[in-house]
Protein chains: 2
Amino acid sequence: MNHEEILQSVIKCNNSKIVLLVMDGVGDIRNRDYHYKTPLEYAKTPNLDKLTSESVVGRMIPVSMGITPGSGPGHLGLFGYDPMDVTIGRGVLEAVGLGLHLQDGDVAARCNFATMNDGLICDRRAGRIPTEKTVELCNILKSIKEIDGVEIIIEPGKGHRFVTIFRSKDRKIDSLINDTDPQVEGKAPLEANGQNDASIFLASVVNKFIKRGFELLSAYPSTNAFLTRGFSKKPKLPSMREKYCLESAAIAAYPMYRGIASLLGMKLLAAPDSIEGLFETYLENKSKYDFFFIHIKGTDQAGEDGDFEAKVNCIEKVDSALPILLRSRPDVIAVTADHSTPCSMHSHSFHPVPLLVNGEFSGKDDAVCFHENACNVGGLGFFESKYLMTLLLANGKRLNKFGA
Amino acid sequence: MNHEEILQSVIKCNNSKIVLLVMDGVGDIRNRDYHYKTPLEYAKTPNLDKLTSESVVGRMIPVSMGITPGSGPGHLGLFGYDPMDVTIGRGVLEAVGLGLHLQDGDVAARCNFATMNDGLICDRRAGRIPTEKTVELCNILKSIKEIDGVEIIIEPGKGHRFVTIFRSKDRKIDSLINDTDPQVEGKAPLEANGQNDASIFLASVVNKFIKRGFELLSAYPSTNAFLTRGFSKKPKLPSMREKYCLESAAIAAYPMYRGIASLLGMKLLAAPDSIEGLFETYLENKSKYDFFFIHIKGTDQAGEDGDFEAKVNCIEKVDSALPILLRSRPDVIAVTADHSTPCSMHSHSFHPVPLLVNGEFSGKDDAVCFHENACNVGGLGFFESKYLMTLLLANGKRLNKFGA
């Protein structure tokens, strides 16, 4: 038996409530410009500190030692779907994040408007046109409804981005198709190529779609092209209900995280812009679900921007709002990240993330502050994120004993 | 190569002595009613503290993160038999625990006397009759010596429990048979059903055994039935000698732990009721064996009873007796648990267990007390119990270098 099989053999249902608060990318490394502290060490967080003093802490390795995860693998791990085995394509993520319902067999691609000159891409993001402009351009592209029997579904996203779904009733299509984005400016868009019969057929459809699309866009010189990436199909994953006997809900504002949550069968709840609003959504829905995934984007954004103070500020905002969440305390609460995003790296990183688990049976260790270095010596040790859900279910008394 | 293959490739024999002192269920979580201490933190343990200050400590995960082990998986892990791969059925455990010698092919079931009224079970434990009464009733059942060529062997256990072994010389029998215990009172005992030819045959024997047994018991209305559970065969496991080149002995009073030890080929030594007695048995036998498994039950019992002070008391008794064990110090001594049994949970739990390893080459870290939170920051980190035996063999200089 492996871990998953043991877990499946011991799961039971009960009424315990579990909250997983993900401060995206909050993990960091000590920064010489800020007294050699990490943002979590630097931030004033009286509420998190109090919670920590009643909790057990540790560090999690999102995928595997030294591996920097994208948001997909990072979150899959947190939800207990082994990111080494399960992959979600970028096109699918973007599509479900926009609220599109993917059917089995659909192929989704992430697209973005670009500027082309003499057949060469001179701006891969078309000057980062605003969402409204993208909506207009998508309406033009929507006149292409079908090519060779394959239905074309277009949905505008944020900024210069949109999603295209290819749906075929009669003929099998597959997603083994390269990006047409040449990755650097000054080059022509690449031709789409497939790798098996079903993807070779779809690649020919994609190439015709691009050709007809560019003709339609030729009247708009600064947005006269688009690039396609991340061709993918919806993975076959058990839902959180099937896997854990949990009625789950996501309180996440950003499309990608909503997308991942919806692929796992989580109900997508209202996600106001403010952190207070996210926590209030939890309070309003607490009775209806067993598991709440609450996603904070600001910490990752600040890390990507290399903005230490913005990251500190976001952490402090979460701390200030925390009493709202604790007003109706769940049986189990975990605070952690999907990956680290050190400000000094301006990107996701491979560093283990800090973790706090609080509940009647979590136990408590000597940690009194929630930050990376306190978590190094906590009662949970270091372990891979994919085991977190088992630990949370155990804390919620949702697991039977294994063996006699 | 996996861990086991590497281990097997480097094992050598020598004369070092290894003691594994298992304080069953000693791991706990901090308890608000006792100054937020765990029993190990609360107990006065000058001898364990002194030993700790000369030792290296860490924490072990018995089976896998978040998984609560039964006693079987908990101990198998300690002895280096991967509890994810090896399972020992409850019937087998009970049988070997009573000192019965199982032959290959035997099927054992755990049975208990019950009270039946109009065909419905009204007390699943027959009022928890004393052992002497069970002995009498077993003597009555023992008149059933054979059914359809299958030998029936009955052995009374503690309280209302007994074991039945089914032994067949001519025809294959198998243990894929459901419990006949309906689990709730007010229901009739279930019929035994098999899943393959050999177990379908044995199920028919079991049903006949139950029918004839009930007839024999009908003269005793309060103990006129019995329920069967945990049909199982002896697993094929290498002995401790085969696996580790260790002559091993168990000093354990309780049937289940004696049973597990005997399945691994350990010699079962006398196990007096007192902790001093257990340690004296070690002294008396030190020259005859390489490895001693010493089992303390009181810590787990107190945890199951939710009795913090009894747990503290048992820990202090172990501490007081420790100088006896150390009078003739083994080369390597490990102190740990098979799982945690927090008093506040009244049950086994998923929490990592504390571990101490002492020997000339163990090294020592900063820990000066043996408890969960000191072990969080020890020199051994967090690891799965199944690796403990390798560590102990290494400390006993019983492993060659791996690779050139």
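Domain bounds, as used below, come from an automatic or database domain assignment. The model is predicted.

**Exercise 1. Find the domains of chain A and describe their contact.**

Step 1. Read off the bounds. In chain A, domain 1 covers 3-87 + 237-395, and domain 2 covers 93-233.

Step 2. Locate the centres. Taken over C-alpha atoms, the centres of domain 1 and domain 2 of chain A are separated by 34 Å.

Step 3. Count the residues in contact. Domain 1 of chain A supplies eight residues and domain 2 of chain A supplies six residues.

Step 4. Find the main contributor. On the side of domain 1 of chain A that touches domain 2 of chain A, helix α9 (residues 255-263) of chain A gives the most, with seven residues.

Step 5. Sort that side by class. The residues of domain 1 of chain A that touch domain 2 of chain A are four nonpolar, three polar and one charged.

**Exercise 2. Place V335(A) in its sheet and decide whether V335(A) is buried or exposed.**

Step 1. Find the element. V335(A) belongs to strand β12 (residues 332-336) of chain A.

Step 2. Find the sheet. In chain A, eight strands make an open sheet with mixed pairing, in the order β10-β9-β11-β1-β12-β13-β2-β14. Its edge strands are β10 (267-268) and β14 (382-384) of chain A, each of which pairs on one side only.

Step 3. Look at a neighbouring strand. Strand β1 (residues 18-23) of chain A runs parallel to β12(A), and five bridges join them. Here L21(A) is opposite V335(A).

Step 4. Apply the cut-off. A residue is buried if 20 or more other C-beta atoms lie within 10 Å of its own. V335(A) has 26 such atoms within 10 Å, so V335(A) is buried.

Step 5. List the contacts. Apart from neighbours within four places in sequence, V335(A) touches L21(A), M23(A), L356(A) and F370(A).

**Exercise 3. Describe how strand β7 (residues 161-168) of chain A is paired and covered.**

Step 1. Take the partner β6(A) (residues 150-156). β6(A) and β7(A) pair antiparallel over seven bridges, and P156(A) has F162(A) as its bridge partner.

Step 2. Inspect the connection. β6(A) and β7(A) form a hairpin with four residues between them, and G159(A) in the turn has a positive phi of about 60 degrees.

Step 3. Take the partner β3(A) (residues 107-117). Six bridges join β3(A) to β7(A), again in the antiparallel sense; I165(A) is the bridge partner of A108(A).

Step 4. Check burial. Six of the eight residues of β7(A) are buried, which leaves the strand mostly covered.

**Exercise 4. Explain why the buried residues of helix α6 (residues 131-141) of chain B lie on the same side.**

Step 1. Name them. The buried residues of α6(B) are T134(B), L137(B) and L141(B).

Step 2. Use the arc. These residues cover an arc of only 65 degrees around the axis, and therefore sit on the same side of α6(B).

Step 3. Recall the general rule. An α-helix has 3.6 residues a turn, so residues three or four places apart point the same way.

Step 4. Turn to the face away from the buried side. That face of α6(B) carries the exposed residues E132(B) and N139(B).

Step 5. Identify the cover. The buried residues of α6(B) are covered by elements including β3 (107-117), β6 (150-156), β7 (161-168) and α7 (197-217) of chain B.

How values were computed
Residues are numbered from 1 along each chain as its sequence is written. Chains are lettered from A and ligands numbered from 1 in the order in which they are written. This is a predicted model: local features need pLDDT of at least 70, side-chain atom pairs count only at pLDDT 80 or more; totals for chains, interfaces and linings use all residues. A residue is buried if 20 or more other C-beta atoms lie within 10 Å of its own, exposed if 12 or fewer, and partly exposed in between; C-beta atoms are placed from the backbone. Helices (H or I, at least four residues) and strands (E, at least two) are DSSP runs, numbered from the N terminus. The arc is that of the directions from the helix axis to the C-beta atoms. Two residues are in contact if their C-beta atoms, placed from the backbone, lie within 7 Å. Two strands pair if DSSP finds at least two bridges between them. Ala, Val, Leu, Ile, Met, Phe, Trp, Tyr, Cys and Pro count as nonpolar, Asp, Glu, Lys and Arg as charged, and the others, Gly among them, as polar.
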